[in-house]
Every structure is written in C-alpha cells, then in structure tokens.
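Biologist: Please take a close look at the salt bridges in this model, one pair at a time. I would like to know where the partners sit and how open they are to the surroundings.

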Amino acid sequence: MLGSGSQREVQDFMLTRYACYLIAQNGDPKKDEIAFAQSYFAVQTRKIELIEERLHQLLRIESRDRLRASEKQLSKNIYQRGVDERGFGRIRSKGDQALFGGLSTEQMKQRLGIKSGALADFLPTLTIAAKNLATEMTNHNVEQKDLRGEEGITAEHVQNNTSVRGMLRQRGIKPEELPPAEDIKKVERKVAKDEKQLQEKSQRLPKEKDS
C-alpha cells in the first residue's frame, strides 16, 4: 500500500495506429475517450475513401484525355492518307466491334444504357485504356508503314483491337461485360468544382506575417 503523497511508477506503452483503432472499436462508447476515438477513426476512414475516390476520378479523366488525343492524331493521320471524316467514323466503329466481341458502337451504347454522348465517356478506365492502346498502335503502324486508304487502315485498326481484346481475354476480362461508369463530363465538372472550392478555401486562410 502506498503512503500519503507517494506516487506509483506506471509503465508507458507506445501503440501502433492499428492497435489504437482496435482498442477504440472494441471499447465502451459510453466513455468519452472511447467515443472520441471512434469518431476520430470514422472521420479519418471517410477521408481516405474520398481521397481514393478522387484519385480514381483523376485517373479516368487522364485516360479519357489520352484517348481523345490519340483519336485526334489518328484522324489527322488518315486524313493525310486519303480518308475523310466519315471514313474515320467507320474505321473507329470497326475497331470497337473488334474490341467488344462483335458488338458495334451503337449496340454497346444500347447495352450500357447510353442515351446520348460518346461511348468512351461512359466506359470504365480499363476499357478506355484498352481503346487508347489499340489506337496508339494504329497510329504507330499507319505512320511507320505509311498505310493509305480506308481499307488498309481499317484492317490495321481491327487487328490492333483484336490483339488488345485477346490480351484482356487471357486475363479473364471481357470488355463488353464491364459495367458502365459515370458520364466522364459529370466527373470532370465535379472535379473542377472541388478544385475551385479548395482554391477558395485556401485563399481565405490567414496569411503568414513577415518576420
């Protein structure tokens, strides 16, 4: 028994973040410290979820931008080789048909419930990247082999999309069976709005005074 005014030395422990989380989750929420800890970890978990969601959004936007650029380059390449805008549309459609296992662009839009807008705007990141890879391969070979005319360029684009599809199928992925994603235009507006709000908040922060 300790005498009056005496103190007992208490051993101190350093816990990992995960250990703190387990203690908080299994503690009695009626105690203020446990309730606070549970609330803290809930907020932090949600923050991580939002960050991950934002990263996925930015990755999809970046992939869509790359596809736009590669398709723009393909349009330029084939125009210089005797193919007009309608021909470009037919070539791209034939490529889609090869990538999606025989389903045309319009059939894919119906399958995914797309009422308006480009098919690529509603595709998941993986499928957008697949389309971009096939298009970049077509651009490369059109330039390197100096392919000319709609027929030859179509055959090249179909072959490249078929090859990309084959690669996906080896990994058990059928691009036509992947679910649609949110309209990329809505995602772009959402990200732009978030960035604007973040910028406005940062401007309202007190500025550091000069020493």
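Modeller: Start with the words for openness: a residue is buried when its relative accessible area is under 20%, exposed when it is over 50%, and partly exposed in between, with a 1.4 Å probe and the protein chains only. By that scale aspartate 146 is partly exposed, at a relative accessible area of 38%.

Some ground rules come next. This is a predicted model, in which local features need pLDDT of at least 70 and side-chain atom pairs count only at pLDDT 80 or more, while totals for chains, interfaces and linings use all residues. Residues are numbered from 1 along each chain as its sequence is written, and side-chain values use heavy atoms, leaving out hydrogens and water. The mean pLDDT (the predictor's confidence in each residue, from 0 to 100) is 85 for the chain, and 84% of its residues reach 70 or more. Helices are DSSP runs of H or I with at least four residues, strands are runs of E with at least two, and both are numbered from the N terminus. Helix H6, residues 150-170, has the highest mean pLDDT among the elements, at 97. Helix H7, residues 184-204, has the lowest, at 74.

Now the bridges. A salt bridge is a side-chain nitrogen of Lys or Arg within 4 Å of a carboxyl oxygen of Asp or Glu. The structure holds 15 of them.

Take aspartate 146 again. Its partner is arginine 81, and the closest N and O atoms of the two are 3.2 Å apart. Arginine 81 sits in the loop between H2 and H3, and aspartate 146 in the loop between H5 and H6, so that the pair links distant parts of the chain, 65 residues apart. The two ends differ in openness: arginine 81 counts as buried, at 15% relative accessibility, whereas aspartate 146 is partly exposed.

A second pair is arginine 68 with glutamate 188, whose side chains meet at 3.5 Å, N to O. Arginine 68 lies in helix H2 and glutamate 188 in helix H7, so this bridge ties together parts that are 120 residues apart in sequence. Arginine 68 is partly exposed, with a relative accessible area of 31%. Glutamate 188 is partly exposed too, at 24%.

A third pair joins the side chains of lysine 190 and glutamate 182, with 3.5 Å from N to O. Lysine 190 counts as partly exposed, at 32% relative accessibility, and so does glutamate 182, at 37%.

What happens when salt bridges share partners? They join Arg64, Asp65, Arg68, Asp121, Lys185 and Glu188 into one network. Arg68 and Glu188, the pair that connects H2 with H7, are therefore among the members of this network.

For contrast, look at an acidic residue that is open to the surroundings. Glutamate 151 lies in helix H6, the element with the highest mean pLDDT. At 71% relative accessibility, glutamate 151 counts as exposed. How far is its C-alpha atom from that of isoleucine 91? The two C-alpha atoms are separated by 8.7 Å, although the residues are 60 apart along the chain.
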